[in-house]
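Biologist: I've got a model open and I'd like to go through the labels on it. Could you tell me what stands behind each one?

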Amino acid sequence: FSSCLDIIQQTSSIPNINRSSLSQYIFTLTMVSSSTSNGVKSSAKLKRNVSVSPSNKSLEDEIIYLRSQNKLLKNALSAVKDTATEKLSKSYELVWYARNRTRYPSHEASKWLDKSEEHSKDIDNLRSTDGDFHHGFNSGMLAAARLFKEHADVNHADTSDSEEPFKTIHEAETKHKETIEESKNNFPNLSVEKFPTVRN
């Protein structure tokens, strides 16, 4: 649940997502954790500090529901990140090849891409009379995949080992907002300065 605040930020357009309840969930679980570790806050005091959303659900039911909702959101973000990472890798290799195949014809990366079965169709497209179109498509894919990967990466928001979860999640939220703004300002980021990693 430690990444919920970043998830709320990234999923504002998803329908049927109760962002207020999700924020309340983070607060509730943090209070529960604090109560367990310190042995100070009683159940009654916890309920006085944490209100349930305006419904007939109990606090316990609300937490169970929000746990399930949070799991769905985390899985969705993970899928976005994994897909973006996959598309980023391939589009990076193709854009690098289009820009550098004549500059570094003897480099192992160029030789690998020339013989790669995974890239054979895309390489043929780049060599065709429509090569400029395909290079433009790959460049757009590179920029978009890089953007969404950076937006979906919330691993830095893990507060499970933090002694001050409220402070940690606030710092993580601030950092993620800065990351998002930086990636948006850099869009389209088409940099391919490093040589692709040769894979077997």
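Modeller: Sure. Let's begin with exposure: buried means under 20% relative accessible area, exposed means over 50%, and partly exposed is what lies in between. Also keep in mind that this is a predicted model.

Biologist: Okay, why is Asp114 called partly exposed?

Modeller: Asp114 has a relative accessible area of 37%. Partly exposed is the range between 20% and 50%, so Asp114 gets that label.

Biologist: And what makes Asp114 and Arg127 a salt bridge?

Modeller: Their closest N and O atoms are 2.6 Å apart, and the cut-off is within 4 Å, so the pair qualifies. Asp114 is in helix 5 and Arg127 in helix 6, so the bridge ties together parts that are 13 residues apart in sequence.

Biologist: Is Arg127 buried, partly exposed or exposed, and how do you know?

Modeller: Partly exposed: Arg127 has 48% relative accessibility, and exposed would need over 50%.

Biologist: What makes Lys90 and Asp122 a pair that links distant parts of the chain?

Modeller: Lys90 sits in helix 4 and Asp122 in helix 6, 32 residues apart. Their side chains meet at 3.1 Å, N to O, and a salt bridge needs that distance to be within 4 Å. Lys90 counts as partly exposed, at 31% relative accessibility.

Biologist: How do you know that Lys177 and Glu173 form a salt bridge?

Modeller: The N to O distance there is 3.8 Å, and the limit is 4 Å, so the label holds. Lys177 and Glu173 both lie in helix 8, four residues apart, which is about one turn of the helix. Lys177 is partly exposed, with a relative accessible area of 42%.

Biologist: How many salt bridges does the count come to?

Modeller: Seven salt bridges by this rule. There's also a network of salt bridges, which links Glu93, Glu118 and Arg199.

Biologist: On to the rings. How many aromatic pairs are there?

Modeller: The count comes to three aromatic pairs. One of them is Trp96 with Tyr104.

Biologist: Why is the pair of Trp96 and Tyr104 called stacked?

Modeller: The centres are 6.4 Å apart and the planes are at 10°. A pair needs centres within 6.5 Å, and stacked needs planes under 30 degrees apart, so both conditions are met. Trp96 is buried, with a relative accessible area of 1%, whereas Tyr104 counts as partly exposed at 27% relative accessibility.

Biologist: Then what makes Tyr104 and Phe195 edge-to-face?

Modeller: The angle: 70° between the planes, with 5.0 Å centre to centre. Edge-to-face means over 60 degrees, so the label follows. This pair links distant parts of the chain, 91 residues apart: Tyr104 is in the loop between helix 4 and helix 5, and Phe195 is in the segment after helix 8. Phe195 is partly exposed, with a relative accessible area of 37%. Ring pairs link Trp96, Tyr104 and Phe195 into a cluster.

Biologist: Which residues have the most contacts inside the largest nonpolar core?

Modeller: That core has 14 residues, and Trp96, Tyr97, Leu113, Ile123, Leu126, Leu142 and Val192 have the most contacts inside it. Helix 4, helix 5, helix 6 and helix 7 each supply at least two of the core residues, and helix 4 gives the most, with six. Leaving out residues up to four places away in sequence, Ile123 touches Leu94, Tyr97 and Leu113.

Biologist: Which residues make the nonpolar surface patch?

Modeller: Phe133, Phe137 and Met141 make a patch of about 320 Å². Met141 is found in helix 7 and counts as partly exposed at 30% relative accessibility.

Biologist: Last one: what is the overall pattern along the sequence?

Modeller: It reads α-α-α-α-α-α-α-α, from eight helices and zero strands. Of the 200 residues of the protein, 34% count as buried. The accessible surface comes to about 12,500 Å², and 50% of that belongs to carbon and sulfur atoms. Among contacts with a separation of 6 or more, 70% come from residues 24 or more positions apart.

Technical notes. Residues numbered from 1 in each chain as written. Predicted model: local features only at pLDDT ≥ 70, side-chain atom pairs only at ≥ 80, totals over all residues. Heavy atoms only, no water. Phe/Tyr/Trp six-rings, centres within 6.5 Å; stacked < 30°, edge-to-face > 60°. Buried < 20%, exposed > 50% of the residue type's maximum accessible area, 1.4 Å probe, protein only. Patch = residues over 30% accessible without salt bridge, like charges linked within 9 Å, V, L, I, M, F, W, Y side chains within 5 Å. Areas by Shrake-Rupley, 256 points an atom, 1.4 Å probe, with all protein chains shown as cover. Contact = heavy atoms within 4.5 Å. Core = buried A, V, L, I, M, F, W, Y, C linked by side-chain atoms within 4.5 Å.
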